[in-house]
Amino acid sequence: MSDIIHLLPDSVANQIAAGEVIQRPASVLKELVENAIDAGASFIQIVIKDAGRTLIQVSDNGKGMSETDARMAFERHATSKIREASDLFALRTMGFRGEALASIAAVAQVEMRTRRQEDELGVAIEIAGTRVFKQETVQCETGTTFYVKNLFFNVPARRRFLKSDNVEKSHILTEFYRIVLVNPEIEFSFYDGEDELYRLPISNLKMRIDAVFGSSKKKIQQQLLNVETANGLVSIIGFIGKPEFAQKSAQQYFFVNGRYMRHPYFHKAVTLAYNQLIQTSDNPSYFIYFEVDPQSIDINIHPTKTEIKFENEQAVWSILSATVKEALGKFNVAPSIDFDREGAIEMPLNVNLDNVKPPQTNFNPDYNPFNSSYKRPSFDWEKLYGGFEKDAKVSPANVNFDTEITQKNVDTSTVEQLLIESEPEQHKMLLGDEFHSTNFQFKSRFIITSIKSGMLIIDQHRAHVRILFESYLKDIEHHTAHSQQLLFPEEMELNEHDLMHFQTIEEALKSVGFNFLHNEKNWIQINGIPALLNASGIISLLREMIESIQKTGSDTLQNLYEIIALSLAVSTAIKTGKQLSQEEMSDLIDRLFACENSNFTPDGKSIHTTISHSELLSKFG
Ligand code: ADP
Ligand code: MG
């Protein structure tokens with residue numbers, strides 16, 4: 001076979017986004033490993049020393065280079081991968097600029113050994129600061145090995161600019177992950193000095209992810225859900241983290257046609273699908289692989305940038321969003337609370353269980369009869385509610401419905417009725433027959449109850465919002481709401497704009513029990529309202545809903561339904577400050593844990609938190 005590397009004509013070279021390719025050791029690693037992949041390697045070994053400062057070594061068993069090509073490879077704009085500008089839109093290789101080796105050789109001492117299968121002998125080249133020091137024929141394995149030594153040896157300013165070893169190493173690993181996660185059919189080995197940090201055998205995507213991020217104890221595979229879809233425009237496969245495994249620092253990867261990419265817009269599609277499923281401060285992990293016609297993307301952005309432009313961004317966004325939502329929908333988010341009540345809070349025998357009063361809180365917490373200079377222990381009750389305070393900025397409504405705003409529409413007597421009409425089946429299922437609940441209400445806001453592993457603390461208002469939200473949503477979907485006719489219908493005038501928004505939700509409102517009559521012009525008569533609502537304040541509630549729909553620009557039916565359901569739920573839920581009976585409390589708990597998602601309110605606030613038994617014990621030394 002003849003030589004394959006050629007210089008790109010200026011006209012083509014000029015159309016390629018150029019730039020400083022080599023910024024740090026990680027960039028060298030990326031370029032060398034990508035070249036090895038383009039060379040068809042099935043095994044790639046990496047060795048770094050001193051976070052890549054003194055050595056970055058990459059060996060592959062790929063196709064190697066001829067003697068002429070070996071020399072040519074270090075020229076600027078020398079590549080075997082594209083010939084003309086139009087090739088840029090049919091790329092199947094990682095590289096195409098013909099810049100990397102030239103750039104590396106300009107700032108480091110490079111040694112390369114390479115041999116093609118058909119050649120008996122290989123060639124070794126030593127080059128530093130673009131000067132070739134040595135070229136000789138040698139005996140070596142098929143494939144290519146690069147040794148890049150003393151990076152920036154001739155650019156002291158750049159060398160000084162490098163960060164600590166740990167930072168540089170983490171940059172290197174970041175590049176390493178971005179490559180290995182999308183090339184499971186290649187075996188990788190990664191040495192940091194003498195230590196083999198990674199040995200990744202040939203496998204499939206899921207096992208590769210596990211090999212990189214899992215551990216023998218923690219199988220990452222069990223934390224992932226499959227996503228998959230394909231149509232004429234795009235095929236998507238991959239994995240998303242189960243909501244319960246979301247955490248502050250998550251693994252988030254997009255790949256397109258075998259290449260890592262950043263895509264803030266698509267990122268949004270994924271994270272939006274997790275709305276209501278995870279706390280807003282947490283992030284879901286995802287590993288999503290797109291395949292599209294290379295003609296429909298432009299990867300010729302700046303060489304060190306990883307953004308990629310899609311021709312049909314909007315459409316791909318919708319497909320991605322639907323696919324992720326479907327995967328999450330199939331997966332039933334079950335509450336992770338254990339309901340074994342052994343060791344339930346022990347009550348003094350002489351207390352009448354039916355008549356438990358909420359604990360009194362007007363004590364002096366600093367008082368200690370044994371010690372006048374007593375300091376309050378560091379155990380801080382307020383801290384327990386830390387989890388409750390994280391406000392969500394998520395949809396559906398993006399409106400911060402919380403306790404105070406919507407006191408007006410509650411008809412508490414009917415709410416109590418609702419609480420008492422619980423389903424005993426669920427009660428039994430969750431708590432066991434023999435269980436007799438003993439719950440405490442604290443500060444008229446929290447319900448404290450005992451669970452197997454410790455103590456469960458529930459925010460009563462938020463719990464009820466979640467319960468009602470799901471029940472309203474079901475009513476909307478199944479058209480099963482109860483309505484109450486108003487003796488004295490209310491009237492509301494809407495301007496053209498509001499009227500338009502009103503019309504988009506009118507049907508949904510009817511399905512939760514509203515009844516409207518369109519009078520002349522922009523006047524709407526409200527004849528019927530959901531059974532639980534209080535008629536007073538109904539107009540402002542409707543206006544709030546119209547406003548939040550306007551604000552969020554929600555266009556999907558599901559979004560509208562969620563806004564309505566949330567708005568009604570917040571209006572009708574029991575409030576902070578309301579004292580609850582034992583029955584009401586246990587009913588609320590039962591119904592909460594029968595919900596699809598009992599962990600967060602629809603707008604992303606924590607509903608409950610636990611203090612484990614051991615945590616509690618540790619407070620007492
Ligand atoms: P590009 O990858 O953009 O073509 P590079 O400067 O990275 O530019 O590499 C120049 C050329 O050197 C490549 O086009 C390829 O032909 C050859 N080359 C580089 N690394 C290897 C390798 N590991 N095995 C075989 N050929 C290689
Ligand atoms: Mg390259």
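## Exercises on a pocket and a sheet

Helix H2 gives the most to the lining of the second largest pocket, with eight residues. The model is predicted, with local features needing pLDDT of at least 70 and side-chain atom pairs pLDDT 80 or more, while totals for chains, interfaces and linings use all residues. Residues are numbered from 1 along each chain as its sequence is written.

**Exercise 1.** Describe the second largest pocket by its volume and its lining.

*Solution.* Begin with the terms: on a 1 Å grid over the protein atoms alone, a pocket is an open set of points where a 1.4 Å probe fits, with protein on both sides within 12 Å along at least five of seven lines, and lining residues have an atom within 4 Å of a point. The space in the second largest pocket, filled by probe spheres set on points joined across faces, edges and corners, is about 850 Å³. Of its 49 lining residues, the closest to the centre are Glu-34, Asn-35, Asp-38, Lys-81 and Gly-95. By class, the lining divides into 22 nonpolar, twelve polar (Gly counts here) and 15 charged residues.

**Exercise 2.** Work out which strands stand at the edges of the sheet S18-S19-S20-S24.

*Solution.* Strands are DSSP runs of E with at least two residues, and two of them pair if DSSP finds at least two bridges between them. The four strands form an open, antiparallel sheet in the order S18-S19-S20-S24. Strand S18 (440-442) and strand S24 (608-612) each have a single partner strand, so they stand at the edges, with one side of each left without a neighbour in the sheet. Within the sheet, S19 (446-451) and S20 (454-459) pair over six bridges, and Ile-447 has Ile-458 in S20 as its bridge partner.

Terms used:
Chains lettered and ligands numbered in written order. Heavy atoms only, no water.
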